[in-house]
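Biologist: Can you bring up the model? I have a few things to ask about it.

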There are 2 protein chains.
Amino acid sequence: MQQQDEEDLGIVDALAQLAFVVQGKLARHAAARDLSMIQARLLGVLRDREPTMQELARLLDLDKSSVTGLIDRAEKRGLVQRAPSGDDRRAIRVRLTKSGRQIATDVRRLFQADVASATQCLSSAESKRLSTLATRIVKSSAHAGGLPRMP
Amino acid sequence: MQQQDEEDLGIVDALAQLAFVVQGKLARHAAARDLSMIQARLLGVLRDREPTMQELARLLDLDKSSVTGLIDRAEKRGLVQRAPSGDDRRAIRVRLTKSGRQIATDVRRLFQADVASATQCLSSAESKRLSTLATRIVKSSAHAGGLPRMP
DNA sequence: TATTGTTATACTCTATAACTATA
DNA sequence: TATAGTTATAGAGTATAACAATA
């Protein structure tokens, strides 16, 4: 093997650049469905929840007024619905429409295929090791007060 | 050890969530200097280049008109300067000011410390392995037409 | 004619502050 | 009074299309 292009970037640059590569893939598939990253994240967090506007603001780390606009636009496109929250008549729950769920599923599937393709340069054992190490960092950061889950 | 919270996320979710954690850290330090992510990326790519507007558009994957506005705002804040490009009188080169370079360095240093802290949960050997595997994916994606380098 | 950069325009995304309705 | 959500406003960030200057 030549040494050519294979110098290690170091943990800091390797993780930073990996983050941009991975988010770039997600952004690309979202854009193919005419979704911004934040709209894609929205559909992602709604896959298994029907949060209130308030909870959504916390999940997406946005101000509640930003969420109002985000949901306005998503609702206008038929991706999500506002629904009453039962007991508390101030609260509103947001949920995916059938169309929104379909698009969320499509984007996730495309992203999965892309990540699988990007990890083709790793052996099965290496891929497993990477997954294990990445999981450790994510879990550790979550304990420290990190972000919620994603796409 | 209990099995508790340690199930592997799988390579797709592990990489996706890791990307959000890492970018979240970068965004946090950038915001502490009142920089958006794109402004932080801009300072990052200018650390070792004086690109034309055109080249900057390619490096940041933006339309040239978006770059005009980005540089307008950065220049107004004293972070960058426009300078003539020598031979081609149509072209303009963008470079960091002293203040811009200082801020870029500060953000990078804070981010480095944060990544180091986040990888504390890994042994030195594990950290090296993660760095190696992440580097492989980044290099492989770059060959496939990925993004340029970052912060 | 082709390329480099800017301008005009329109839209998304975001936060702050003030507001309404409910608790 | 406090909480959930919206509205009004302002500004960053983005792309498209039309433009000016230079090659």
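Modeller: What follows is a short exchange on the DNA contacts and one residue. This is a predicted model, where local features need pLDDT of at least 70, side-chain atom pairs count only at pLDDT 80 or more, and totals for chains, interfaces and linings use all residues. Residues are numbered from 1 along each chain as its sequence is written, chains are lettered from A and ligands numbered from 1 in the order written, and side-chain values use heavy atoms, without hydrogens and water.

Biologist: Which residues come nearest to DNA strand D?

Modeller: Gln54(A), Arg90(A), Ser36(B), Ser66(B) and Arg73(B), out of 22 around the strand. Near means a heavy atom within 4 Å.

Biologist: And how much of that is sugar and phosphate?

Modeller: Sugar and phosphate make up 67% of the strand D atoms within 4 Å of the protein.

Biologist: What does Ser66(B) touch there?

Modeller: A side-chain N or O atom of Ser66(B) sits 2.6 Å from a phosphate oxygen of DNA strand D. For Asp63(B), a polar backbone atom is 2.8 Å from a phosphate oxygen.

Biologist: Which residue has a side chain 2.7 Å from a base oxygen?

Modeller: Ser65(B), through an N or O atom of its side chain.

Biologist: Switching topic: is Gln39(A) buried or exposed?

Modeller: Buried, at 8% relative accessible area; the cut-off is under 20%, using a 1.4 Å probe and protein chains only.

Biologist: What does Gln39(A) touch?

Modeller: Leaving out residues up to four places away in sequence, Gln39(A) touches Leu70(A), Arg73(A), Ala74(A) and Leu79(A), where contact means heavy atoms within 4.5 Å.

Notes
A polar contact is a pair of N or O atoms within 3.5 Å; within protein, one must be able to donate a hydrogen and the other to accept it, and residues adjacent in sequence count only if both atoms are side-chain atoms. Buried means under 20% relative accessible area, exposed over 50%, partly exposed in between (1.4 Å probe, protein chains only).
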